[in-house]
Amino acid sequence: MILAIDCGNSRLKWGLHDTGAWRSTGSVPLANIARLGRKWKRIAPSATVVVANVAGSSVRRRLEAILAGRPVVPAWVRARRRECGVTNGYGKPAQLGADRWAALIGAWSILHGPCLVVAAGTATTADVLKGDGTFTGGAILPGLELMKRSLASNTAKLPLAKGRFSHQPRSTVDAIETGCLLAQAGAIERMFSTMEAGAVCVLTGGAARRIARHLSIPVRLEDNLMLEGLVQIVQETVKSPTYS
């Protein structure tokens, strides 16, 4: 049994994986992670714990407190040069976020082929994974909601309100919604245009479904992509003393 934990910039997502399937999953804002202590107490103490954390040292300390007393020390994932069939093309591999690394490994474990790995959360990341398993680089841009909040906070009259996508927006809120969605889709499609033949866009994250319907490229939605990658990593390397 594996408890996989992905700490992003604003939320924590977790999943309990056993015998090849997800038994339960959940997501909470980082401010509310203390409530997970009671929920996780019901998980067998012997369960392996694997974590990708890009939320900083304070979140790590809070998680360590919640997980204290378990007989298995958590594996804190960081990007490596090679792992689980994926080669990291960064000049300094450890500079790649653990969440992006887990997503790449998750995508490779599912497709074993060329794909653009897109995580649409607080930020949107689009990472190129070649058919031989090499990650050659990627792009980072503000996420959909961050784009909208930026317009509301840095302009005098643009509101932060829920709009609708339209090919010809006729209200300000619809114009904002449309513009931000087209910006996300456009960036993803421009990145995808450099991919080799047969590639697929693997899309995950809170805004994934909102963006997917505006893409004109092959798309595969994966709700638990980072968690899938964490399971792959811990199954291959949890016995390594370098994870701590």
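**Helix α2, residue T124 and the cysteines**

In helix α2, which spans residues 57–67, the buried residues are V59, L63 and L67. Viewed down the axis of α2, these buried residues fall within an arc of 70°, so they line one face of the helix. The other side of α2 carries R61 and A65, both of which are exposed. The model discussed here is a predicted one.

The partners of the buried face of α2 come from several elements. The buried residues of α2 pack against the strands β1 (2–7), β2 (11–18), β4 (48–53) and β5 (75–76), and also against helix α1 (36–40). Just after α2, the backbone at G69 adopts a positive phi of about 95°.

A second site is centred on T124, which belongs to strand β9 (residues 123–129). T124 is buried, its relative accessible area being 1%. Its side chain is joined to that of Q184 by a polar contact of 2.6 Å. When residues up to four places away in sequence are left aside, T124 touches V118, A119, A139, I140, L141, P142, G143, L144 and Q184. The contact set of T124 thus includes the run from A139 to L144 as well as its polar partner Q184.

Helix α5 covers residues 172–192 and contains L182. With a relative accessibility of 46%, L182 counts as partly exposed. L182 is separated from A47 by 135 residues in sequence, and the C-alpha atoms of the two lie 43 Å apart in space.

The cysteines were examined for pairing. A disulfide is a covalent bond between the sulfur atoms of two cysteines. The structure holds 0 disulfides. C180 takes part in none, and the cysteine sulfur nearest to that of C180, belonging to C201, is 19 Å away. C180 counts as buried because its relative accessibility is 5%, below the cut-off of 20%.

For C201, the closest cysteine sulfur is that of C115, at 8.8 Å, which is too far for a bond; the cut-off for a disulfide is 2.5 Å. C201 is likewise buried, with a relative accessible area of 0%. Burial thus applies to C180 and to C201, while neither the 19 Å separation between the sulfurs of C180 and C201 nor the 8.8 Å separation between those of C201 and C115 is within the 2.5 Å that defines a disulfide.

Note on methods
Residues are numbered from 1 along each chain as its sequence is written. This is a predicted model: local features need pLDDT of at least 70, side-chain atom pairs count only at pLDDT 80 or more; totals for chains, interfaces and linings use all residues. Side-chain values use heavy atoms; hydrogens and water are left out. Buried means under 20% relative accessible area, exposed over 50%, partly exposed in between (1.4 Å probe, protein chains only). Helices (H or I, at least four residues) and strands (E, at least two) are DSSP runs, numbered from the N terminus. A polar contact is a pair of N or O atoms within 3.5 Å; within protein, one must be able to donate a hydrogen and the other to accept it, and residues adjacent in sequence count only if both atoms are side-chain atoms. Contact means heavy atoms within 4.5 Å. The arc is that of the directions from the helix axis to the C-beta atoms.
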